[in-house]
Amino acid sequence: MTRQVRFLLVGAGNVGRRFLELLVRKEDSLRDSLDLELIPVGVADTSGAAVCPTGLDPHDIVRLKSEGRGVAETPRWGQPGLSALDMAQTTKADLLLEASPGNLNDGHPGLGCMEAALSRGMHVVSANKAPLVLAYPRLLALAREKGVQLRFDATVAGGLPAVNLGQRDLAAAEVYRLEGILNLTTNYILTRMAQDGLTYEEALADAQAAGHAETDPTLDVEGWDAASKLVILAHAVLGYPATLDDVAVEGITRVSAEELERAATVGKRVKLVATAEQDGSTYRLGVRPTWLDADHPLAQLGPKQMGIVYHTDISGVISAAIVEETPVPTASALLRDVVDIYSC
């Protein structure tokens, strides 16, 4: 018998819209192979929200967003000005998907929506890093208190199952070192500089033109996006209650073409690497440009790749990487977490 899951979606931008597109694309396989039907009963963006207790047509939302319009313009069900938090507090659903832009100042509106959903007994699946970075212990405690799941594989390295690999497959192992290229923008820039001789400014402009860098890339190029992801991995995989203040952060803005050339002459490649190194009962956390041996798994990643390496006591050294050219793999990570919740 097909299980119907009614969900709320906060954020209908690059990732949220792709999730709805995947929902349409995978509707038959979800139903036929997994006995699962995902029904959007509420979608919110900056224009307001669209809410329908029997289910919105995802085609309508995708069409509106593709036209540059807001979900509040959804015929019949659009509610201009209805906030995402109001929707999360009042709309009946089984699950909340959080895909709104991150806010590292206070985590809102995503944090408030996640807390509201968990408090009401909904599972929460997030692609938004900020609430996890700022309030991981509180959110996890609330989920456990309410007997629901909090999942967030999409917050770290897009579609790469970095969190799930560490939490599930290495659950019995001790991870004594973690290394990751967790930010696509900086890897794209450094790789283009090294391989194609571009200046930093040229590589950044190219990344922006290709859709791999934000108009304001500050959080990426100064290392804070990678640091945020490292904090999440510290909590979720290492069991270490880190904050951003615990991470030594250096970005890539001072990496020159000359440094990349010097590294190449001695068989090295420069990458922005996030690391967690066991130090007694704690971990030393850092994000910085690092000279890697050319045969290191992370050194071999191309401009559109991210990757992670786990060094463990009993499971050897495990590395994984992803080529992510669009937001679709990140959206698929949301879907992966949803499927995992309802396959248990």
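A residue counts as buried here when its relative accessible area is under 20%. By that yardstick, buried residues make up 54% of the 344 residues in the protein chain. The model is a predicted one, so every value below is computed from it.

Starting with the whole chain, the secondary structure adds up to 13 helices and 13 strands. The radius of gyration is 20 Å, close to the 20 Å that the globule rule gives for 344 residues, so the chain is as compact as a globular protein of that length. Laid along its principal axes, the C-alpha trace spans about 65 × 45 × 40 Å. Contacts often reach across the sequence: take those between residues at least 6 apart, and 70% of them join residues at least 24 apart. On the outside, the accessible surface comes to about 14900 Å², and carbon and sulfur atoms account for 47% of that. As for charge, there are 31 positive and 45 negative side chains, and the centres of these two sets lie 4 Å apart.

Helix H7 gives a view of the interior. This helix covers residues 162-169, and Ala162, Val163, Asn164, Leu165 and Gly166 are buried in it. Those buried residues pack against a mix of helices and strands: strand S7 (150-151), helix H11 (224-238), strand S12 (305-312), strand S13 (317-323) and helix H13 (328-343).

Just before that helix comes a threonine to look at. Thr155 sits in the loop between S7 and H7. With a relative accessible area of 2%, set against the cut-off of 20%, Thr155 is buried. A polar atom of its side chain lies 2.7 Å from the backbone oxygen of Phe152. Leaving out residues up to four places away in sequence, Thr155 touches Ser126, Ala127, Asn128 and Lys129, and also Lys229 and Ile232.

A second threonine, Thr191, belongs to a helix, namely H8 (residues 184-196). Its relative accessibility is 4%, so Thr191 counts as buried too. Once residues up to four places away in sequence are set aside, Thr191 touches Asp196, Lys271, Leu301, Gly302 and Pro303.

Towards the start of the chain, Ala12 is found in the loop between strand S1 (3-10) and helix H1 (14-25). Ala12 has 3% relative accessibility and therefore counts as buried. Its contacts, neighbours within four places in sequence aside, are with Arg17, Val43, Ala44, Asp45, Lys65 and Val71. Ala12 can also be placed relative to Ala49: these two are 37 residues apart in sequence, and their C-alpha atoms are 10 Å apart in space.

What about a residue on the outside? Lys92 is one, placed in the loop between helix H4 (84-90) and strand S5 (95-98). Exposed means over 50% relative accessible area, and Lys92, at 74%, therefore counts as exposed. Even so, Lys92 touches Val41 and Arg120, again not counting residues up to four places away in sequence. Lys92 and Arg120 are 28 residues apart along the chain, with 9.0 Å from C-alpha to C-alpha.

Methods. Residues numbered from 1 in each chain as written. Predicted model: local features only at pLDDT ≥ 70, side-chain atom pairs only at ≥ 80, totals over all residues. Heavy atoms only, no water. Buried < 20%, exposed > 50% of the residue type's maximum accessible area, 1.4 Å probe, protein only. Helix = DSSP H or I, 4+ residues; strand = E, 2+ residues; numbered from the N terminus. Contact = heavy atoms within 4.5 Å. Rg over C-alpha atoms; globule rule 2.2 N^0.38 Å. Areas by Shrake-Rupley, 256 points an atom, 1.4 Å probe, with all protein chains shown as cover. Lys, Arg positive; Asp, Glu negative; His and termini not counted. Charge placed at Lys NZ, Arg CZ, Asp CG, Glu CD. Polar contact = N/O pair within 3.5 Å; in protein donor to acceptor, adjacent residues only side chain to side chain.
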